[in-house]
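Q: Please take one part of this model and look at it closely. Then work outwards and describe what surrounds that part.

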Amino acid sequence: MLLSQSQERALGRVERLAVMLHLLICKGCSNFRGQLKFLRTAVRRHRDRDDAG
Amino acid sequence: MLQLRNPDQAEDVVQETLLAAIEGRARFAGGSSLKTWLTGILKHKILDAIRRKSREQSLSTAGDDETGTVDAMFKQDGHWQEAPATWGDPEQALENRKFWEVFELCSRLMPERTARIFMLREVMEMTTEEICQECAITPTNLWVILHRARLILRECLEIKWFGHKKNEHRR
């Protein structure tokens, strides 16, 4: 949830630290973080494809 | 089409846009490109259509039917039922025609209200404040909805595309 929120707002210092620590022990969450970035890229690419067509 | 999820409505919006363009052609100074100008009108018309739809829907059903889908992804203690897998180099998929078919299929899985809000954020790139005002929801509300939208899209892509790719590599 915090990872998702980091796409909407800047996390506070404590939140950032908590996320970093959690990512160290949660491989799935690191994958999730990368995938969130990818989703954003994909949605925008899709939109721009539509525009071009 | 992806934004409204209804071909008839998409056609109506395009028609409204063209009508507005014809009526307002005097205002088109030629300072911006024709495409930018038309896209600008189109965006307004899409927003209008979404507003109309929101009003109609809030009268009929206010249901959030994605809660169950998302809850099933997590154990009771909040940990992933099945943790997100490594997708390797997902950017490659962007060059693949088939990927976009899967992507569109997956985008349609979200419940309407969720999809609409996800679209305002990711396609129209509206800010938290703008969307909250538009949809009359709180920021926390909005973040939960967006988070669920991403979880649904992510899981679908993993199952339908990235999982499938992995199996192909193994063979």
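A: In helix H5 of chain B, the buried residues are Arg113(B), Thr114(B), Ala115(B), Arg116(B), Ile117(B), Phe118(B), Met119(B), Leu120(B), Arg121(B) and Glu122(B). A residue is buried if 20 or more other C-beta atoms lie within 10 Å of its own, exposed if 12 or fewer, and partly exposed in between, with C-beta atoms placed from the backbone. Ten of the eleven residues of H5(B) meet that test, so the helix is largely enclosed by the rest of the structure. Helices (H or I, at least four residues) and strands (E, at least two) are DSSP runs numbered from the N terminus.

The model is predicted: local features need pLDDT of at least 70, side-chain atom pairs count only at pLDDT 80 or more, and totals for chains, interfaces and linings use all residues. Residues are numbered from 1 along each chain as its sequence is written, and chains are lettered from A and ligands numbered from 1 in the order in which they are written.

H5(B) covers residues 112-122, and its axis comes within 10 Å of the axis of H6(B), residues 128-135, at a crossing angle of roughly 145°. Axes are lines fitted to C-alpha atoms, for helices over the stretch in contact, and angles run from 0 to 180 degrees between N-to-C directions. On the H5(B) side the contact uses Ile117(B), Leu120(B) and Arg121(B), and on the H6(B) side Ile131(B), Glu134(B) and Cys135(B). Two residues are in contact if their C-beta atoms lie within 7 Å. By type, these contact residues are four nonpolar, no polar and two charged. Nonpolar means Ala, Val, Leu, Ile, Met, Phe, Trp, Tyr, Cys and Pro, charged means Asp, Glu, Lys and Arg, and the others, Gly among them, are polar.

Ile117(B) and Phe118(B) also belong to the largest nonpolar core, which has 27 residues. Such a core is a set of buried Ala, Val, Leu, Ile, Met, Phe, Trp, Tyr and Cys residues joined through C-beta atoms within 7 Å. These two are listed with Leu146(B), Ala149(B), Leu153(B) and Leu157(B) as the residues with the most contacts inside the core. At least two core residues come from each of H4(B), H5(B), H7(B) and H3 of chain A. The top contributor is H7(B), with ten residues.

Leu157(B) leads on to H4(B). Beyond its neighbours within four places in sequence, Leu157(B) touches Val102(B), Phe103(B), Cys106(B) and Phe162(B). Val102(B) lies in H4(B) and is partly exposed, with 18 other C-beta atoms within 10 Å. With the same sequence neighbours left aside, Val102(B) is in contact with Leu157(B), Lys160(B) and Trp161(B). Its C-alpha atom is 7.0 Å from that of Trp161(B), 59 residues apart along the chain.

Chain B as a whole has seven helices and zero strands. Of its 171 residues, 22% are buried. Among its contacts with a separation of 6 or more, 69% join residues 24 or more positions apart.

Chain A meets chain B through 20 residues on each chain. H3(A), residues 27-52, gives the most to chain A's side, with 15 residues. That side divides into seven nonpolar, six polar and seven charged residues. In H2(A), residues 13-25, the count of buried residues is zero.

Notes:
Expected span 1.5 Å × (residues − 1).
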